[in-house]
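Here is a short report on a structure with two chains to look through. Please keep the sequence and the model side by side while reading.

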Amino acid sequence: MAALPGSIDQAQDLLKAGHYVADRSLATAVFLALKLGRPLFLEGEAGVGKTEIAKVLAETLDRNLVRLQCYEGLDIASAVYEWNYARQMIEIRLAEAAHEGDKQKIAEDIFSERFLVKRPLLQALEPDPKGAPVLLIDELDRTDEPFEAFLLELLSDFQVTIPEIGAVKAAAKPIVVITSNRTREIHDALKRRCFYYWVDYPDSERELEILRTKVPAAGLDLSKEVVAFVQKLRKRDLFKLPGVAETIDWTDALVQLDQVALSSAAIDSSLGALLKYQDDIARIRGSEAAAILEQVRADLAAEKAAKLLQH
Amino acid sequence: MPGEIQRGSRLAQNILLFARTLRAAGLPIGPGKVIDAIEAVKAAGIGSREDFYWTLHAVFVQRREQREIFDQAFHIFWKNPQFLQRMMSLLLPQLRYDKAEDEDRDEIATRLAEALQGDRAGAMDEIPVEQEEVEIDAALTFSDRELLQEMDFEKMTSAELAETKKAIAGLRLPIMEVPTRRFAADARGRRVDMRATLRASLRNAGAIPLKLKSPRYRHPPLVILCDISGSMSRYSRMALHFVHAITNDRDRVHTFLFGTRLTNITRDLRHRDVDVALDRVASHVKDWSGGTRIGHSLHDFNTDWSRRVLGQGAVVLLITDGLDREGVEGLEEEMIRLQKSCRRLIWLNPLLRYEAYRPQSQGAKAMIRHVDDFRPIHNLDSMQDLADALGRATMRSDRPNAKETRAA
């Protein structure tokens, strides 16, 4: 079990060790969340690496990752616990067959932990030899408000109440990471209990670093061109801007196509890895892409020339 | 003074008059309340103005949105003893209301002004102006700013408001519901509620009584996009009252206004008093009664807001006449995108009041192809029709996901 980071620098190193290139502000949020034992609330567009943070934390801190994927209608039975009804039924029949008439005893027996099916949130509260797990509550915005309200108890006291058993308190506070794509606003009461961080698109320097870490097979020139191209694309008026995940996918695709540098033809044929809406693809494909590529090349050439002059 | 109040005393009469004023301003106050109020004042005594205020407040105000009206009425009515005395001597307030504009002074709600004024316009000239000026002019100033860019909403008269409110009360409930993935116990349900069944089986040994459950139903989120351009100005105020009522009746309502640009007014409308809410809206919106750029506004909505508010199968009400000052370039694409992002897209068009209306303008032609429903919204009747349409289980739309809806 790795120790928690003692400073912001250590938090940054920790993320780096997990191949996650984080800027200072994110490292600060992560450090504070770990240090003060509060949940980390990550919001941002799809594909900017929110979920990845939880995975990296689990990996580098050597903890188990307990993941709860949210969806509309998510309820206690699939998020926290459920009774194993079939086994309970059998148990009752057996007790009756054995003429154990004491109802009170049967009730106590069948509502014991043996018959409890534990779902992610309850699992996260259990004692773990590796230390408290990382609890990832993914895409919280997909679920509905009642579930959000339920989370309030869990996130402030780290306990859940099962009527038949009583309150179950966490052995040790889990490291909680909540993500949201902002398809609806999360209630202030929940955000108030967390450290909030807006995960933005990275700047070109950081994106290049991410790309070098994630797709080492791509040459430096190709990576630079890709990053410059994507950064320019994000300034366009598109319905869905490409995230970091798309940049990585696209670079992977280009590598598979044996490209060492961007070309109009390669861009047009692989644009689907980068843009996910037909309107956007139709707008960019062809002349627009060529124009951006032209600009990218000119910029990179100018940059190179400036460097040469310096030497 | 406590305990000294006699039936027919001045204070009792004052309270009676005050109650009448409040009633005229729309608060539901019957004769019983007046007696209660006199009793309450007797019991509490009039130690201070503040005590007196809260004593009357406790009796007359029953809902949060009534507080604003009560507050304004109280301060006008009980401020100037001379004013009151004069009112007492005349039994009913017969005052002269100078309608001079005074931009610096606060306006009071039109409906309260009307209530104070009553129907006695003819008797107004009898009172000399000078004595009342200080208190009353300040309160009852009207403004002609209505015609200016930042529209003043205060102009809805009591009659209009009462009618709209009445109609709206009927409109609220029947908006369609959709099944959620949550369940509630239901004796006629179609699924077995295992947990309840097991508990029941413990109570009566031998048999296992089946307990059933069925899905809960819930309103889908509602997003309202309302055109406030010049050509729509006569309807958008009515529409805003409608929107305010809906916002306060159910959760998950988001409202946007657009003329030349898009403004999110959801938070402003949360205020329970319609006057205050619309005031806040007015202070926010800068493009009142100007031109329209429907395509541009929809584009802004699609890029900045659609993913944030159209999640979970929202129903979109688009209130516009479809007259676009800008060209129609891009409008059709934005309409397609909007329709694809929501459960149902309903276009409410006040121009539909003309029987022979056919979408003539290019904008309207582009829009009509991409809506699930198309309805008039120019008077209370059409609003009623709209409510019925929204509540009906059979949808005009042939979109597959419309089938799962049902009447509330």
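Just after helix α5(A), His99(A) takes a positive phi of about 55°. Helices here are DSSP runs of H or I with at least four residues, strands are runs of E with at least two, and both are numbered from the N terminus. Most residues other than glycine have a negative phi.

This is a predicted model, in which local features need pLDDT of at least 70 and side-chain atom pairs count only at pLDDT 80 or more, while totals for chains, interfaces and linings use all residues. Residues are numbered from 1 along each chain as its sequence is written, and chains are lettered from A and ligands numbered from 1 in the order in which they are written.

**Helices α5(A) and α6(A)**

The 13 residues of α5(A) should span 18 Å at 1.5 Å a residue, and its end C-alpha atoms are 18 Å apart, so the two values agree. The expected span is 1.5 Å times one less than the number of residues.

Helix α5(A) covers residues 85-97 and packs against α6(A), residues 103-110. Their axes lie 10 Å apart, at an angle of about 150°. That angle makes α5(A) roughly antiparallel to α6(A). Axes are lines fitted to C-alpha atoms, for helices over the stretch in contact, and angles run from 0 to 180 degrees between N-to-C directions. Under 35 degrees counts as roughly parallel, over 145 as roughly antiparallel, 65 to 115 as roughly perpendicular, and the rest as oblique.

The crossing of α5(A) and α6(A) is right-handed. A crossing is right-handed if the near helix is turned clockwise from the far one by less than a right angle, and left-handed if anticlockwise. From α5(A), the contact uses Gln88(A), Glu91(A), Ile92(A) and Ala95(A). From α6(A), it uses Ile106(A), Asp109(A) and Ile110(A). Two residues are in contact if their C-beta atoms, placed from the backbone, lie within 7 Å. By class, the residues are 4 nonpolar, 1 polar and 2 charged. Nonpolar covers Ala, Val, Leu, Ile, Met, Phe, Trp, Tyr, Cys and Pro; charged covers Asp, Glu, Lys and Arg; the others, Gly among them, are polar.

**Helix α12(A) and its surroundings**

Helix α12(A) runs over residues 244-256. Its 13 residues reach 18 Å from first C-alpha to last, close to the 18 Å expected. Which residues of α12(A) are buried? They are Val244(A), Glu246(A), Thr247(A), Ile248(A), Trp250(A), Thr251(A) and Leu254(A). A residue is buried if 20 or more other C-beta atoms lie within 10 Å of its own, exposed if 12 or fewer, and partly exposed in between. The buried residues of α12(A) pack against α10 (204-214), α11 (220-234) and α13 (264-270) of chain A.

Asp249(A) also lies in α12(A). It is partly exposed, because 19 other C-beta atoms are within 10 Å. The C-alpha atoms of Asp249(A) and Gly272(A) are separated by 10.0 Å, with their positions 23 residues apart along the chain.

Asp258(A) sits in the loop between α12 and α13 of chain A. Its phi is positive, about 60°, although it is not a glycine. Asp258(A) has 7 C-beta neighbours inside 10 Å, so it counts as exposed.

Glu139(A) has a positive phi too, near 55°. It lies in the loop between β5 (134-138) and α8 (145-157) of chain A. With 18 C-beta neighbours inside 10 Å, Glu139(A) counts as partly exposed.

**Chain B and the two chains together**

In chain B, the axes of α13(B) and α14(B), residues 331-341, come within 9 Å and cross at roughly 35°. This crossing is left-handed. By class, the contact has 5 nonpolar, 5 polar and 2 charged residues.

The contact between the chains takes 17 residues from chain B and 18 residues from chain A. On the side of chain B, β1 (178-185), α9 (194-203) and α13 (294-309) each supply at least two residues. That side has 5 nonpolar, 6 polar and 6 charged residues.

The table sets out the make-up of each chain.

| Chain | Helices and strands | Buried residues |
|---|---|---|
| Chain A | 15 helices, 9 strands | 36% of 311 residues |
| Chain B | 16 helices, 9 strands | 33% of 408 residues |
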